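Please open the model in your viewer and keep the selection tool at hand. The stops below follow one another along a short route.

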Amino acid sequence: LAELKNEKTYNGHLVNCDKWMNIHLREVFCTSKICWLDACCRNGDRFWRMPECYIHGNTIKYLRVPDEVIYYFVYIIVYMKFVCIGTSFSIKVYIF
């Protein structure tokens, strides 16, 4: 789930993310809290389905990743740290 600064939310499968937090999503549902088309729609009344989308990182206000995905990558990092003992492999993991 990605909430943007313009009050739109995008919910889909994360395909890619780069170091500037630009994200590529597939099977996306977009919800708009602000309706620009007509004055009669309520908050979250507009939905769109898109096969994929690309979101620039500087427009993202909030990004939510499921805990299972975070724990999976923490497990991979810890496993790689133990496998690479004796090499110059060091990484810091911060979980908030």
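The tour goes through the strands, then the charged pairs, and ends at the helix. Keep in mind throughout that this is a predicted model.

**Stop 1: the paired strands**

Select strand 2 (8-17) and strand 3 (23-32). Strand 2 and strand 3 run antiparallel, paired over 8 bridges. To see one position of this pairing, show leucine 14, which stands opposite leucine 25 in strand 3.

Now add strand 4, residues 46-55. Strand 3 and strand 4 also pair in the antiparallel sense, over 9 bridges. Here phenylalanine 29 has arginine 49 of strand 4 as its bridge partner. Is strand 3 largely enclosed or not? Of its 10 residues, 7 are buried, so strand 3 is largely enclosed by the rest of the structure.

**Stop 2: the turn and a second positive phi**

Go back to strand 2 and strand 3, which form a hairpin with 5 residues between them. Select methionine 21 in the turn, where phi is positive at about 65°. Most residues other than glycine have a negative phi. Methionine 21 is partly exposed, at 32% relative accessibility.

Next, select glutamate 7, in the loop between strand 1 (2-4) and strand 2. Its phi is near 70°, again a positive value in a residue other than glycine. Glutamate 7 is partly exposed, with a relative accessible area of 24%.

**Stop 3: the salt bridges**

How many salt bridges are there? The count comes to 3.

Start with glutamate 3 and lysine 61, whose closest N and O atoms are 3.2 Å apart in a salt bridge. Glutamate 3 belongs to strand 1 and lysine 61 to strand 5 (residues 60-63), so this pair ties together parts 58 residues apart in sequence. The two ends differ in exposure: glutamate 3 counts as buried at 15% relative accessibility, while lysine 61 is partly exposed at 46%.

Keep lysine 61 selected and add glutamate 7, which forms a salt bridge with lysine 61 at 3.5 Å between the closest N and O atoms. Glutamate 7 is in the loop between strand 1 and strand 2 and lysine 61 is in strand 5, so the pair ties together parts 54 residues apart in sequence.

Then select arginine 26 and glutamate 52, a salt bridge with its closest N and O atoms 3.6 Å apart. This pair links strand 3, which holds arginine 26, to strand 4, which holds glutamate 52, 26 residues apart. Arginine 26 is partly exposed at 41% relative accessibility, and glutamate 52 is partly exposed at 44%. Through shared partners, salt bridges join Glu3, Glu7 and Lys61 into one network.

**Stop 4: a charge over a ring**

Select lysine 8 and tryptophan 48. The charged end of lysine 8 sits over the ring of tryptophan 48, 5.7 Å from the ring centre.

**Stop 5: the helix and its nonpolar patch**

Select helix 1, residues 67-83. Show the side chains of Val69, Tyr72, Phe73, Tyr75, Ile76, Tyr79, Met80 and Val83, which form a nonpolar patch on the surface with about 800 Å² of accessible area together. Isoleucine 76, one of these residues, is found in helix 1 and is partly exposed at 32% relative accessible area.

Which residues form the aromatic pair? The count is 1 aromatic pair. Tyrosine 72 and phenylalanine 73 form this edge-to-face pair, 5.3 Å centre to centre with 80° between the planes. Tyrosine 72 is partly exposed at 47% relative accessible area, and phenylalanine 73 is partly exposed at 47% relative accessibility.

Key. Residues are numbered from 1 along each chain as its sequence is written. Side-chain values use heavy atoms; hydrogens and water are left out. Patches are made of residues with over 30% relative accessible area and no salt bridge: like charges are joined within 9 Å, nonpolar side chains (Val, Leu, Ile, Met, Phe, Trp, Tyr) within 5 Å. Accessible areas come from the Shrake-Rupley method with a 1.4 Å probe; for residues, only the protein chains shown count as cover. A salt bridge is a side-chain nitrogen of Lys or Arg within 4 Å of a carboxyl oxygen of Asp or Glu. Helices (H or I, at least four residues) and strands (E, at least two) are DSSP runs, numbered from the N terminus. Buried means under 20% relative accessible area, exposed over 50%, partly exposed in between (1.4 Å probe, protein chains only). Rings of Phe, Tyr and Trp (its six-membered ring) pair if their centres lie within 6.5 Å; planes under 30 degrees apart count as stacked, over 60 as edge-to-face and the rest as tilted. A charge sits over a ring if NZ of Lys or CZ of Arg is within 6 Å of the ring centre and within 35 degrees of the ring normal. Two strands pair if DSSP finds at least two bridges between them.
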